[in-house]
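Me: I would like to practise reading a model by its features. Can we take them one at a time, general idea before the case?

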Amino acid sequence: MQSLTNRARPVDRKPMTALERLYLWNIAKGMWITLKHVFKKKATISYPEQKREFSPVFRGLQILNRDEEGRERCTACGLCAVACPAEAITMEAAERQPGEEHLYREEKYAAKYEINMLRCIFCGLCEEACPKDAVYLSETFAPSNYQRKGFIYGKEDLLIPHPKEDPEAYRKALGNRATGNASQEKASSN
Amino acid sequence: MIGLLAIDWAFIVEKLILIVSIVSISLVIAMYETYAERKVAAVMQDRRGPNRAGPFGILQPLADGLKLFMKEEIIPNTSNKFLFVLGPCMAMLTAMMTSAVIPWGGKIHFTLFGQDRWVNLQIADINIGILYIFGVVSMGVYGIMIGGWASNNKFSLMAAMRGASQVISYELPMGISLIALLMLTGSLKMSTIVAGQIDSWYYVLYQPLGFFIFLVCAFAECNRTPFDLPEAENELNFGYHQEYSSMKLGFYLFAEYINMFISSAVMVTLFWGGYDIPFISDAALAEKVGYNWLAVLEGLSMFIKVAIFIFAFMWVRWTIPRFRYDQLMNLGWKTLIPLSLINMIITALLVLLKENGWRF
C-alpha cells in the first residue's frame, strides 16, 4: 500500500546508546526547544482590548431595524417566526393608532418581539424571510448573563437606536451590514 | 536590673529586624514565584499568562491568595484533626527555617550611640550551617508524611509514602556530593564557604559533578518536575495533599515555592559564590562605594543568581515530563549515589595529593 505521505518511518527499537541513556543530551535539546518558544510570537488575542475581525458573513445577534426617519420597519407578519428552525422568535402584533405614524412604518407593528438567544442558532433564516428588511443579524454576539431569562431578548434589547436622536449609536449598531443602501442592493440584485 | 542592661539589646533588635525581613522577603518571593511560574509556563507554551489583575497581572498572586482564603475549609470527618492541621504547619515551618543560616550579603556598618556596629546579613552564622540545613530539610518529610497519614485516605497515604521515600532516597546522594565539597572548604560554616569563593574561583569549577548531583537532588527534594511524584496531580491522584483545601492546601503549595527559593539560595551559596559579585573585586568596590552600598549590591547579586536558578527550576518543569516511579528510584540509587561516591573518592584523592605536594 502506498503511504499518504512519505514521512512514515518504521519504529526504531534499537537499544539506547550510552549517551542516550544519560538523557542529558536529550534534556538539553528539549530545553533548547522550550527556550526558543519564549521568544516566539504569541498567537493570543487579548480579547476585550483587541478584537478579532469578523468574517463578512458572520451571523451575530439580531437587530430590529428602523427606517431613515426612525420608524420601526417590522410589521409583525410572523414570517421570521415561521422560518425560524429553532422556534426562538415570538411576537405579538398590534394595530397602529392614529398619531403613531412617526413610530411605525406600516399599519401593523410588533407590540412584543422576543428572541430567545439560548434557542437561537444564528442561522440567519429570519433575515432571509423578512420582507421588510426589519430584522438582520449583526456582527456582535450575545454577552454572558447570570440567568436564563436574561437571554430572552425583548424589543428594547433588539431595536436599533433612533437614527435621528442618536445617529452615532445608530451607525455603530448598523455596522456595515444592513445599511440603507444594502436593502436597495438586495432589491436590485433580485 | 544590671543583668538586663548587660544584655546587648541592640543585637536582639538587629536580629529581630533581620528575621522579620528575611521571612517576609521569602514569603513575597514565594508569592511572586507562583506568578513567575505561570508566566514562564505561558511563554514557553506560546501563551500570554496571567495579565488581568493589575498591570501585567502582577496582582495575580494576591488574588490567588485571597481565593484560597475564601475557599471553604474542609477537614475530613475521619481524619486526625490535630495532625491534619500540623501537617501543613510542619511543611511551612521547615521551609522557612532553612533561611536562617544563609548569608544574604556582606556586613552593614552604622554607628549607634557612638558605638560602631557591624551587622551580618545572616540570621545565624552557626559553625554547622550545612548540617543545620540538612537537618531541617529532612524534617520536611514529616510535613508530607503527617499530611498523608492524617488525611486517613489510602491514596493520600500511598502518595505520602511515595513522596517520603523519594525525598529520603535523594537526600543520600545530595549529602555525599556535599561531603566532596566540604573536603575542599574544610568548614561547615556558610560564611566561611562564601568567603572561600569571594575573589577566587567558585566551587562549581572544582566540583562540577558534585554541583550537578546536588542540582538533580534539589529538584527531587523540592518535589519539582521531573520528580514531582509526590504531587503528580494529573496521573497519580494528586498525592499527600489530596484531602486538603483552602489555605492549608495553600500552605503546602506555598512551602514548595519557599523550598525552591531556599534550595536555589543554598546552591548559590555553596557552589556559585553566594553573595559575591562576579568578575569584580569586592574589596576594591567597598573602597569606592562604602560598605553599606557594597552589602546592598552583594544582596542584589545574590538575588539575581537565585532568580536565575528559580528560572532554571521552572524551565525544567515546563520541558521535561515526569519520571516513572521505578525510573526515579533507579536514578537515585543506581546512578546518583555511585556517581556521588566516585566524585567523593576522586576529590578525596586529589585533596590528599595536594596536601602531600602532589607526591604519592
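Me: Which residues touch the most other members of the largest nonpolar core?

Reply: The general idea comes before the case. In soluble globular proteins, nonpolar side chains tend to be buried together. This model is predicted. Its largest nonpolar core has 81 residues, and B:C217, B:I258, B:F261 and B:V306 touch the most other members. Helix α10(B) gives the most to this core, with 15 residues. A second, separate core has 23 residues, among them A:I63, A:L64, A:Y113 and A:C130.

Me: What does B:F261 touch, leaving out residues up to four places away in sequence?

Reply: B:F261 touches B:S26, B:I29, B:A30, B:E33, B:V306 and B:I310. B:V306 is also one of the four residues that touch the most other core members.

Me: How should I read a helix such as α9(B)? How many of its residues are buried?

Reply: Take the general rule to start. An α-helix has 3.6 residues a turn, so residues three or four places apart point the same way. Now the case. Helix α9(B) is largely enclosed by the rest of the structure, because ten of its 14 residues are buried. They are B:G210, B:F211, B:I213, B:F214, B:V216, B:C217, B:A218, B:F219, B:A220 and B:E221.

Me: What covers those buried residues?

Reply: The cover includes α5 (129-150), α6 (154-185), α8 (203-206), α10 (246-271), α12 (291-317) and α13 (325-355) of chain B.

Me: What span does α9(B) reach, and what follows the helix?

Reply: Helix α9(B) covers residues 208-221 and reaches 20 Å from its first C-alpha to its last. That is close to the 20 Å expected at 1.5 Å a residue. Just after the helix, B:N223 takes a positive phi of about 55°.

Me: Now strands. In which sense do β1(B) and β2(B) pair, parallel or antiparallel?

Reply: The general idea concerns faces. In a regular strand the side chains alternate between the two faces of the sheet. Here β1(B), residues 105-112, and β2(B), residues 115-121, pair in the antiparallel sense over seven bridges. B:T111 stands opposite B:D116. The two strands form a hairpin with two residues between them. In the turn, B:F113 has a positive phi of about 50°.

Me: Which strands does β3(A) pair with?

Reply: Strand β3(A), residues 108-116, pairs with β2(A), residues 89-95, in the antiparallel sense over seven bridges. A:M91 stands opposite A:Y113 there. A:Y113 is also a member of the 23-residue core. Strand β3(A) also pairs with β5(A), residues 152-153, in the antiparallel sense over two bridges. In that pairing A:I115 stands opposite A:Y153.

Me: What is the overall make-up of chain A, and in what order do its elements run?

Reply: Chain A has seven helices and five strands. From the N terminus the order is α-α-β-α-β-β-α-β-β-α-α-α.

Me: What radius of gyration does chain A have, beside that of a compact globule?

Reply: Chain A has 27 Å, whereas a compact globule of 190 residues would have a value near 16 Å. Its C-alpha atoms fill a box of roughly 95 × 45 × 40 Å along the principal axes. Of its 190 residues, 16% count as buried. Look at contacts between residues at least 6 apart in sequence: 72% join residues at least 24 apart.

Me: Last, the interface. How many residues of each chain are in contact?

Reply: Eleven residues of chain A are in contact with nine of chain B. The chain A side has four nonpolar, five polar and two charged residues.

Conventions: Residues numbered from 1 in each chain as written. Chains lettered and ligands numbered in written order. Predicted model: local features only at pLDDT ≥ 70, side-chain atom pairs only at ≥ 80, totals over all residues. Contact = placed C-beta atoms within 7 Å. Nonpolar A, V, L, I, M, F, W, Y, C, P; charged D, E, K, R; others polar. Helix = DSSP H or I, 4+ residues; strand = E, 2+ residues; numbered from the N terminus. Rg over C-alpha atoms; globule rule 2.2 N^0.38 Å. Buried ≥ 20, exposed ≤ 12 C-beta atoms within 10 Å, placed from the backbone. Pairing = 2+ DSSP bridges. Expected span 1.5 Å × (residues − 1). Core = buried A, V, L, I, M, F, W, Y, C linked by C-beta atoms within 7 Å.
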